[in-house]
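Student: Please take one part of this structure and look at it closely, strand by strand and residue by residue. After that, set it against some other parts and the chain as a whole.

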Amino acid sequence: MNRTLDWAKYRRLAEQAVAEGIVMLENRGGALPLPKDKPVAVFGRIQLHYYKSGTGSGGMVNVSRVVSIPEGLQEAGVTLWQPLLDAYRAWDEAHPYDLGNGWGGEPWSQAEMLPDEALVTEAAAACERAVVVIGRTAGEEQENRDEPGSWRLTDAEEAMLGLVRSKFARVIVLLNTANLIDLSFIDRFAPDAVLLVWQGGMTGGTGTAAVLTGAVSPSGKLTDTAAFTLADYPSDAYFGDPNANCYAEDIYVGYRYFETFAPEKVRYPFGYGLSYTTFAVSADSLTAGQHRDWMLTVTVRNTGSFPGKEAVQIYCEAPQGTLGQPKRQLIAFRKTTALDPGACETVQIPLTLPSSYDEAKHAWVRENGAYRIYCGSDVRSASLAGTVYADSSATPEQSLTPCEPAPGCAVIEQCEQAMAPVQAFDRIRPVETADGLTMGSEAVPTLTVDEEQRLTDALPAEFAKTEGTFTLADVKNGTCTLEAFIAQLSDTELCQIVRGEGMGSPRVTAGTAAAFGGVTDALEAYGIPAGCCSDGPSGMRLDCGTKAFSLPIGTMLASTFNTALITELFACVGLEMTANRVDCLLGPGMNIHRHPRNGRNFEYFSEDPLLTGEIAAAELIGLHSAGVEGTVKHCCGNNQETNRHFLNSVVSERALREIYLKGFEIAVKKGGAKSVMTTYGAVNGVWTACNYDLCTQIIRREWGFDGFLMTDWWANLNRRGEAPCKTDLAAMVRAQNDVYMVCADSAEHEDNLEAALADGSLSRAELQRSAANLCRFLLHTHAMERLTGDAPEITVINRPADEESADEPVEFFDVADGTVLDLSQIGTERGTTYPFALTVAVPGWYRVTLTASSAQSETAQIPVTIFNMGTASGTFTWNGTDGKAVSYSAVMPLFSHFTTMRLYFAQSGLNMHAVGFTLVSDNFSPTALSQDDFTEEEQA
């Protein structure tokens with residue numbers, strides 16, 4: 001079936017998500033919205049370099065243009081004070097943007113211009129309002145550091161704010177940041193308005209301008225608690241430990257902690273966000289529904305003078321019982337439609353009383369007592385809407401009639417102990433006193449189940465081989481069963497199918513993260529398609545330079561509290577994926593915002609597991625409507641970047657199930673997730689890539705998941721008590737994690753699969769089980785349809801010419817030590833990109849040498865940036881060479897058998913000659929390189 005992707009609609013939805021995701025923290029004295037008939041002075045150098053997303057795999061989307069905030073304002077009809085804008089442009093040209101060097105090397109902030117006081121005085125005389133843009137990025141491999149330029153403002157930013165505040169009547173601060181940052185500047189400078197404008201992808205400036213000008217009233221809500229200091233967060237004492245991160249705060253993450261134990265430490269509460277109007281949110285009735293559920297009827301009235309939307313939030317205070325509970329937990333939310341002044345909307349919100357995981361019973365239980373339901377616009381201001389009384393000995397078990405039930409509980413779901421800690425530690429819990437709840441502690445229950453025996457008792461039976469030779473298409477059309485198809489695969493082929501190939505495999509779309517399934521000629525002969533994974537979650541990462549739509553970051557999407565909008569937006573994402581022959585987007589990212597310093601928080605949604613799960617499910621439903629999949633990641637406990645490959649998260653089974661796994665559970669059960677990625681690190685001593693209790697006991701048996709699991713890229717593997725490595729794929733398969741991501745050559749990969757089959761520590765049946773999981777998934781993909789000739793054609797309409805993606809195939813070159821590639825025929829006009837791909841014989845550190853000449857003058861400056869796997873790895877600037885060949889080089893890692901590179905020409909006038917490759921070291925450790933391995937120029 002042919003489908004149409006309307007690019008104009010795609011942009012409108014993204015712009016709407018930006019506008020609805022912006023969180024207005026302050027707005028005093030009518031600072032906003034901006035009047036269009038008065039000029040505005042915009043400060044801050046990042047106004048010229050809008051952060052569309054963070055760095056790393058979560059943000060590396062190639063675009064032709066990102067709408068900046070000044071551009072968005074000008075397009076919306078706002079006049080900017082030109083002398084100030086000109087001054088920033090001149091300063092920016094003299095102080096180039098710092099891209100950093102290599103993967104994870106971009107600084108979290110850029111040098112700031114301190115404007116001349118006379119210029120600021122002149123601007124204040126011409127403009128009543130000043131807009132100050134503060135920017136921060138974030139990403140993989142680094143945390144947000146508690147230092148200026150990261151968590152805190154720099155001296156230059158402080159000086160700029162102080163100068164602007166001293167001159168202007170109204171000061172508006174925009175935080176173009178990936179995560180929360182230190183907000184104490186609000187106390188020092190008293191800005192009239194402060195907005196978290198986050199990072200809104202390629203349309204960020206347009207959506208931001210819509211809010212600033214009043215075309216859209218802000219309706220975004222905080223998905224995290226903004227505390228006064230970093231030390232106020234309960235995980236702060238443990239965050240950043242490079243070896244073992246102890247989750248002593250247990251289930252008391254974010255607002256669950258602050259509302260229970262430390263409300264005075266909160267600057268802005270969870271769910272908070274201002275509007276240009278005001279709303280009255282009132283609970284009309286709480287009535288019994290079906291299956292022990294309840295229905296809350298809520299009326300929202302716009303009591304102000306501006307159209308707008310409101311996010312209705314429902315919280316529950318559960319009885320303390322024997323387990324202990326937070327004072328509040330989010331149990332439902334709903335975004336209204338746009339309401340005109342005086343208009344109202346009545347919504348019916350289904351509720352289920354929360355249950356808790358009882359580690360003594362190994363069960364989800366609902367303890368007897370009063371469950372107080374609160375309704376409002378944030379966790380702090382929500383008011384009592386009604387009380388439900390639970391009594392496991394009564395009929396019905398739940399009632400609105402006040403009662404004093406005896407201690408006890410109803411068992412909601414019986415489970416088995418899984419993923420419990422082996423290391424003893426204490427966790428916090430509430431203690432009831434005459435003065436209310438205080439913070440106490442208790443010992444965490446530790447592991448008692450025999451994990452190896454559980455695995456052994458559940459070993460699968462081998463699929464018996466039947467007569468005939470089948471292809472996967474025979475399974476699709478019902479000619480044979482999946483089991484019969486899998487049974488015919490040899491041991492060698494079964495070993496091959498659990499190895500994903502990449503990055504940049506030539507079997508799938510150029511520049512993508514991996515191929516999976518039909519990754520060898522032998523597997524292709526069975527009609528197994530090669531599925532394609534592309535990094536996400538903020539759009540497709542295509543390292544060959546192909547352009548894609550850059551989406552708002554995960555935190556911004558969650559701040560909308562608008563699941564219907566997210567679903568509609570991701571339906572467009574799904575169509576774009578289909579057009580690019582991508583089957584799995586590696587996202588949504590779903591890890592919990594345990595601490596605001598986590599470098600990848602921007603990819604994730606919230607400190608709350610329900611909001612996390614609901615937004616993820618909305619994304620998945622949108623993707624599924626286009627026939628593609630989102631790989632939910634990183635499951636689970638991936639809440640720190642520091643030493644992430646070797647970090648052990650020490651966490652209770654209750655906290656895992658109620659906080660860190662709950663969002664994934666919602667994504668599977670409500671969102672229909674069919675693909676899950678595990679993490680780099682360990683949880684309670686076992687690396688998640690090989691954790692049977694995670695991959696099989698919880699995800700498959702308890703949640704009913706029937707898709708396939710994959711590791712993170714080049715993940716460590718281990719068995720309990722053993723050191724991690726990257727070769728124990730047998731342990732991965734035994735856990736029922738189905739695909740190792742990624743291998744340089746799926747036919748010839750160095751691992752222990754064949755040896756484990758030979759010595760009996762891995763059964764053929766276990767390999768068959770993973771092969772079946774993978775093929776069952778592939779059966780329902782566009783990859784399968786492409787193989788059978790039934791794939792839909794996507795027609796893209798209303799896409800501007802400068803945003804179109806090239807469809808030419810990327811050429812692969814064989815590279816070994818000493819290889820030189822002729823580049824004399826490539827185009828080098830200004831703005832040109834030349835993509836190419838390498839099949840690297842010996843991965844390692846290479847000296848990459850670019851040779852070129854120019855007939856321009858000696859003072860000409862012609863920069864060329866080389867991108868390696870999507871990351872800027874060096875910029876070389878030629879002057880006029882009088883036509884003589886001049887070479888520049890840099891040492892960079894070619895760590896993948898398939899490596900995608902591209903050259904970007906910022907100016908015309910260069911004649912490329914060649915690119916050469918010299919092997920420096922085949923040891924990937926950065927410490928393997930010494931100073932002697934670099935030329936003097938490279939050292940500089």
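Tutor: Strand 37 (residues 820-822) and strand 44 (residues 911-921) are joined by 3 bridges and run antiparallel. Helices (H or I, at least four residues) and strands (E, at least two) are DSSP runs numbered from the N terminus, and two strands count as paired if DSSP finds at least two bridges between them. The model is predicted: local features need pLDDT of at least 70 and side-chain atom pairs count only at pLDDT 80 or more, while totals for chains, interfaces and linings use all residues. Residues are numbered from 1 along each chain as its sequence is written, and side-chain values use heavy atoms, with hydrogens and water left out.

Within the pairing of strands 37 and 44, Val820 has Gly916 of strand 44 as its bridge partner. Strand 44 also pairs with strand 39 (residues 844-853), again in the antiparallel sense, through 9 bridges. There, Ser853 stands opposite Asn911 of strand 44. In general, strands of a sheet pair through backbone hydrogen bonds, either parallel or antiparallel.

One residue of strand 44 can be followed further, namely Val920. Val920 has a relative accessible area of 22%, so it is partly exposed; buried means under 20%, exposed over 50%, and partly exposed in between, with a 1.4 Å probe and protein chains only. Leaving out neighbours within four places in sequence, Val920 is in contact (heavy atoms within 4.5 Å) with Trp845, Tyr846, Arg847, Val891, Leu929 and Asp933. The C-alpha atoms of Val920 and Arg847 are separated by 6.5 Å, although the two residues are 73 apart along the chain.

A second sheet shows another kind of pairing. It is an open sheet of 4 strands in the order 8-29-31-32, and its pairing is mixed. Strand 8 (244-246) and strand 32 (686-687) are its edge strands, each pairing on one side only. Strand 8 runs parallel to strand 29 (residues 648-650), and 3 bridges join them. Across that pair, Cys246 has Val650 in strand 29 as its bridge partner.

Two helices serve as examples of covered elements. In helix 7 (residues 204-212), 8 of the 9 residues are buried, so the helix is largely enclosed by the rest of the structure. The buried ones are Gly204, Gly205, Gly207, Thr208, Ala209, Ala210, Val211 and Leu212. They pack against helix 1 (7-21), helix 2 (69-75), strand 5 (170-177) and strand 6 (193-196). After helix 7 comes Gly214, with a positive phi near 85°. Helix 18 (residues 662-669) is mostly covered, with 6 of its 8 residues buried: Gly663, Phe664, Glu665, Ile666, Ala667 and Val668. Their cover includes helix 16 (609-625), strand 28 (632-635) and helix 17 (653-660).

Two further residues can be set beside Val920. Pro506 is in the loop between strand 23 (499-501) and strand 24 (514-517) and, at 44% relative accessibility, counts as partly exposed. Apart from residues up to four places away in sequence, Pro506 touches Glu501, Phe812 and Phe898. Its C-alpha lies 30 Å from that of Met590, which is 84 residues away in sequence. Thr788 belongs to helix 23 (residues 782-788) and is partly exposed at 33% relative accessibility. Between the C-alpha atoms of Thr788 and Leu330 there are 46 Å, with their positions 458 residues apart in the chain numbering.

For the chain as a whole, there are 24 helices and 44 strands. The radius of gyration is 28 Å, close to the 30 Å that the globule rule gives for 940 residues, so the chain is as compact as a globular protein of that length; the radius is taken over C-alpha atoms, and the rule is 2.2 Å times the number of residues to the power 0.38. Along the principal axes, the C-alpha atoms fill a box of roughly 90 × 85 × 55 Å. Of the 940 residues, 62% are buried. Among contacts with a separation of 6 or more, 77% are between residues 24 or more positions apart.
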